[in-house]
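Hi,

Here is the structure I said I would pass on. Have a look at it first, and then read my notes below.

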Amino acid sequence: MDTTYIFRIANLAVAGLMLCGGFFQFFPISIQSAIIGSYVCLFGAAVGLLEYQIPPAATRFGSFLFSFIGRGIFYIFIGSIIMHGFMLTYIAGSLIILVGVAYVALEFVPSIEPPENMRDNDWGTEQV
C-alpha cells in the first residue's frame, strides 16, 4: 500500500494548523506572543514547503525532519507551544500533538516506510 499521499495530506494539514495556530499566537499583542507566533508560522510554512521541494540546507540543518521520530517530536513540541489562549489554538495544538504521537509510534513499525520526501538519501557524502 502506497502511503505517500496519506503522509503528504497529514503533513500539509499540520502545516495549515501551525499557520493557523501561529496567527492566533499574536493575540493578545505583546512582544513574546509576536515572537512565538512568527516562529510557529515560519515552521508551518517550512513543513508545508518540504512537501513540494527539499532544499539542500534542510537536509543539513533539519535532518530530524526526515525521520518519523524526529518529525513526531517536532510536531509534539510545536503543538505544545501553540496550546495557549484561545479554544481554536487548543484544538490545533491537540491535533498537531496527536499527529506527532502517531509519527513517533510509526518509527517502531517496521512495515511502514517513510515517504520519499521524508527519506534523506544524501547525508552530505559524495555519491560514487
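When I say that two residues touch, I mean that they have heavy atoms within 4.5 Å of each other. Please also keep in mind that this is a predicted model.

I started with valine 104, which sits in helix α5. Leaving aside residues up to four places away in sequence, Val104 touches Phe68, Ile69, Gly72, Ile73 and Ile76. Take the last of these: isoleucine 76 is 28 residues from valine 104 in sequence, and the C-alpha atoms of the two are 9.5 Å apart.

Next, the helix itself. α5 is made of 20 residues and spans 29 Å from its first C-alpha to its last, close to the 28 Å expected at 1.5 Å a residue. Which residues of α5 are buried? They are Thr89, Ala92, Gly93, Ile96, Gly100, Tyr103, Val104 and Leu106. These cover an arc of only 160° around the axis, so they lie on the same side of α5. As a reminder, an α-helix has 3.6 residues a turn, so residues three or four places apart point the same way. Met87 and Leu98, on the other side of α5, are exposed. The cover over the buried residues of α5 includes α1 and α4.

Now the rings, which I enjoyed most. Searching the whole structure turns up 11 aromatic pairs. In one of them, the ring centres of phenylalanine 7 and phenylalanine 68 are 5.2 Å apart with the planes at 45°, which makes the pair tilted, since stacked needs under 30 degrees and edge-to-face over 60. Phe7 belongs to helix α1 (residues 4–24) and Phe68 to helix α4 (residues 68–82), so this pair ties together parts that are 61 residues apart in sequence. Both partners are tucked away: phenylalanine 7 has 7% relative accessibility and counts as buried, and phenylalanine 68, at 3%, counts as buried as well.

Phenylalanine 7 also pairs with tyrosine 103; here the centres are 5.8 Å apart and the planes at 80°, so the pair is edge-to-face. That pair links distant parts of the chain, with phenylalanine 7 in α1 and tyrosine 103 in helix α5 (residues 87–106), 96 residues apart. Tyrosine 103 is buried too, with a relative accessible area of 3%.

Put together, ring pairs join Phe7, Tyr39, Phe43, Phe64, Phe68, Phe74, Tyr75 and Tyr103 into a cluster. If you open the model, you could begin with Phe68, since it is both a ring partner of Phe7 and one of the residues that Val104 touches.

Cheers

Note on methods: Residues are numbered from 1 along each chain as its sequence is written. This is a predicted model: local features need pLDDT of at least 70, side-chain atom pairs count only at pLDDT 80 or more; totals for chains, interfaces and linings use all residues. Side-chain values use heavy atoms; hydrogens and water are left out. Rings of Phe, Tyr and Trp (its six-membered ring) pair if their centres lie within 6.5 Å; planes under 30 degrees apart count as stacked, over 60 as edge-to-face and the rest as tilted. Helices (H or I, at least four residues) and strands (E, at least two) are DSSP runs, numbered from the N terminus. Buried means under 20% relative accessible area, exposed over 50%, partly exposed in between (1.4 Å probe, protein chains only). The expected span of a helix is 1.5 Å times one less than its number of residues. The arc is that of the directions from the helix axis to the C-beta atoms.
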